[in-house]
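Colleague: I should like to learn how to read the main features of a model such as this one. Please take me through them in order.

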Amino acid sequence: MRELKDLARRLLEEGAVKVVIGYEEGPVGVRPVFVTRPADAEKLVFNSKCVQNLAAYLSRRRGHIARLGKPAIVVKGCDARAVAGLIRESQLKREDVVMIGIRCGGVSLQPSEEGPLTPATVADRCGGCESREPKLADHLLGALPPAPPKATRMSELMAQIEKMPVAERFRFWAEQFERCVRCNACREVCPMCFCERCIQDKSQPQWIETSPHARGNLSWHFTHAMHLAGRCSSCDECQRACPAGLPLGLLNRKMAEIVRNRFEYQVSDDPTVPSPIGAFKQQDPQEFIK
Amino acid sequence: MTFSISDSGLNALVDEVIASGTTVIAPAVIKLSAGERREYQKIGSAEKMALTGAIVSNSLKPFIMPPSVPLFRYTRAKAGVSLEPAAGKAQAAVVIGAQACDIAALEIVDRVMDWDYHDEVWFERRKATTVISLACTQADASCFCTAVGSGPDHPRGSDVQFLRKKGGYLARALTETGKAFCAKYGSHFEKVGDDADRDPLIKETREKVETNLKIDLGAIRSFLTRNFDHELWNDFGLRCHGCGACAFACPTCHCFDIVDEPEGITHGVRRRNWDTCQTAKFTVHASGHNPRKDQNSRIRQRVMHKFQIYPERFGDVLCTGCGRCVRVCAGGMNLLEILKVLGKSAEAKS
Amino acid sequence: MTSTGFEPKIAAFVCNWCTYTGADLAGTSRIQMATNVRIIRLPCTGRIDPLFIIKAFERGADGVIVSGCHPADCHYTAGNYHARRRFTLFNDFIEFLGIDSRRITFSWVSASEGQKWADIVNDTTARVRELGPFSGYRDLVRSGLTGGQDAGT
Amino acid sequence: MSIYQPHLMRVDGIIDENPDTRTLRLVFKDPAMAEQFDFRTGQFGEYSVFGAGECTFCIASPPTRKGYIECSFKKCGKATSGLRDLEVGDEMGFRGPYGNSFPVEQMEGGDIVFIAGGIGLAPVRSVIWNVLDRREKYQNVTIIYGARTTGDLVYKRELEEWSRRADVKLWQTVDPGGETCDWKGQVGFVPAIVEKAAPSSKNAHAVICGPPIMIKFTLPVLSKLGFSDDRVFTTLENRMKCGLGKCGRCNIGEVYVCKDGPVFTAAQLKNLPPEY
């Protein structure tokens, strides 16, 4: 993508930014790259394998990246929502990051997935995506590719789970959470998980059991979903990063559905719209409160 | 002395072992929302086994050192504290069809677990497990077992080694336990087994893996000893998220945490959980001082411990080249790439 | 009393200004109610973190009551409004995770509604007694990985 | 018994050294264990408070005094808060002794200089009493101890006792501004006082323990006074969990601090990577 390389080189040469966070072809598929020298801008690529959400690298917890100086970041529509989330929650000032938006034709599930996108290889979030042309961007590159095919895995699994009686649903999740080894990759890759000290690491009192048994894992994943309510940009990185293959995207998808139905709020890439959990209305629903 | 066993013979053998009450752990296909995988599982019957297919995605570590294991239960009463050791003797188990990289890892970790203090929480399960390996025929671009002294058909750590042949497997009993196992279930084995008709795919797999990575471990080790402050460490850590999934997936990573978990005001359990040097929490002092402040220093520790510190102290590289750290990494870190850079820098230096 | 003689253990997270006083009023007016409830007093429903409820189930509660001031009565003006939004999410989400939301009662009980508090306690106790014990959560401690060697309780 | 299962101890005595530092005297609940328990000065242990966790401290009492062990700690985390809540008669756990020790035999026949800062006196105190209980085997004994303020001084009674002994030269100091009107000791940072005391380095060893900043500025003073790096011993304080070489936490460079340490010579410290 010639435009991207030239833009990155120009930004670095002019000193507008100190590092361009983008994608490169790695030894095994596409992976993030941090370009600091104009000559290395040649490494930058953009194609349907650029799955990762680079906004996670803007979190203040990563001192060794912040030290590189003002970043430019390559963003798809879903990534822009995450950067907007960071700005909305004052983790980042809009003028402190240059956003290179790219018109997106959908990405694959895995960064090493060659060939055109099919319903089996496309990521779950891409079908029917309305933000293929990121609005929150300083630069917008590339022609708008055709719309990606729609994957049905997650919606089928969601429907299947919702049909289960409550005891069977509990057993389903218990089986899933028993596989979790608590490596916390779901937390580390999540752009919205920027707490200096996670509630899991607070030991006085220890609210969430840190041992990787099903009970501690259920408490953790429950709390993670609650903390992402109305904030998750549904990039599904937590699900892709999970070495045990847990369907974590389902939890955030369900929470996003509840927030949409209850508070008519959709996470967008407009940082000025406040998150629903921080605000309230007089006539919020309360039929379940006696 | 090489036996041979047919496919049906192996199934009968596995069913007989299961019937005798021994736990059988073998690669089995598991369906997940993220697609199908081959994983080591406790299996209920022989037909659940899947001895061919993709590379096994987990390792044998969860069976010898579970992610969370209780050390003892405590009860605090007026009369004082009483401690009661956790669950009793480990169940006898047989691992069937394990990859060479997973089994070699068990023997490598044995060294640290037996260093001065005998860690019976590890050895209890280790001694109760008979290991039957199967020469590997499914390497991919991330495998580099041949570069770290192992290989698809490397017998290290296996009591009995199976090698695929037409219609069944060659079986070589390598240890006393292995010989006892073959004797006990002798009825399923045919006596003679000719090494010649071993599946050629095994040799092809070895050649394929050799093309992935060629390094001089000794040169890298001496380079690491002298280059703690080398600037190449500064750009390894940028894309790493510091989650530790690599250490959890790694068959040789054995670091752990000890945590007290109260289950009520007066009683609870002390647990040993998996841990990783890739997080800040691993080394932070109560005062807030952290000797390893950023991700670069943690990656340096992981590489140094595996390729310089452990070999220096125990004589074995703490890595069997299984490639799982590359496959599970969300940030695209690649240990083969790091080793190539270190190898080149070692040559440049010497 | 059901035949199994099961008596549910119910934890109640109540706000200090309204519901706690209402419960106190129920006591001083000698209103008879079920004795299965253990009250935990918090400054406001806004302070009641969904983690507390999960912790209650984790440690063996079979049911939970969460109660505080009616909207517009909150001593801290907006505590119960924030809580209402949080519990709306909580109630729907735990249903998705497989925890029966009938085990949890959310209510507004003001300082003068001693009788309402007694009714809440009795209804919840009856409902949870009928639902039976909820040990599923507490006994969820199994080995760290499906098929892994049993790590014991 | 599993190597991770602690011996049960009873809290026999509590001494509050200063508002945030406390010393616990622990006695083995099992008399047979009390009898055969032995350790060398400088070794550490894992102190368990059941429900809170374990924490790592040196054994502050000398091995020459049988039947009990002591540890001094500051309350700053979950486990130390648990320790702090213990009362006399409560029970807790102890695993150890672990690690290597100060080579007191090798130091015999020469002078010894003890330098400590703040709570760093705890590990050094074990060595001091070990030496003083066999005082005849050593020449001159100098103790240089400093703390931020007079209120931060620990083991006040023992400092009193040492100051009265003829065969011990004691220098007490507080950081500038930390002194009170009736303070009779020195005023100044420990490195400056060491320069002032100028102990002779002929056939002498030094034992030093305290905050990293103090060690960093005192080592050059010692080498200027003629102490060679392999005659200066310190104990390294870093994060530990198992204490017996398995959990990988205390691994710095080729050293496992819990096995090859915690006592190191200044020479060994110099070629350790700066990760402690």
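**Reading the model**

Modeller: Chain D has eight helices and 15 strands, where helices (H or I, at least four residues) and strands (E, at least two) are DSSP runs numbered from the N terminus. This is a predicted model, in which local features need pLDDT of at least 70, side-chain atom pairs count only at pLDDT 80 or more, and totals for chains, interfaces and linings use all residues. Residues are numbered from 1 along each chain as its sequence is written, and chains are lettered from A and ligands numbered from 1 in the order in which they are written.

Colleague: Into which domains is chain D divided?

Modeller: Chain D comprises domain 1 (7–98) and domain 2 (111–235), with bounds from an automatic or database domain assignment. The centres of these two domains of chain D, taken over C-alpha atoms, are 24 Å apart. Their contact (C-beta atoms, placed from the backbone, within 7 Å) takes 14 residues from domain 1 of chain D and 15 residues from domain 2 of chain D. On the domain 1 side, β1 (7–18) and β5 (69–74) of chain D are the elements that give two or more residues.

Colleague: How should one describe two packed helices?

Modeller: One gives the angle between their axes and the distance between the axes. In chain A, helix α4 (residues 153–163) and helix α9 (residues 248–263) pack at about 75 degrees, with axes 11 Å apart; axes are lines fitted to C-alpha atoms over the stretch in contact, and angles run from 0 to 180 degrees between N-to-C directions. Therefore α4(A) is roughly perpendicular to α9(A) (65 to 115 degrees). Met154(A), Leu157(A) and Met158(A) in α4(A) meet Gly249(A), Leu250(A) and Arg253(A) in α9(A).

Key:
Contact = placed C-beta atoms within 7 Å. Parallel < 35°, antiparallel > 145°, perpendicular 65-115°, else oblique.
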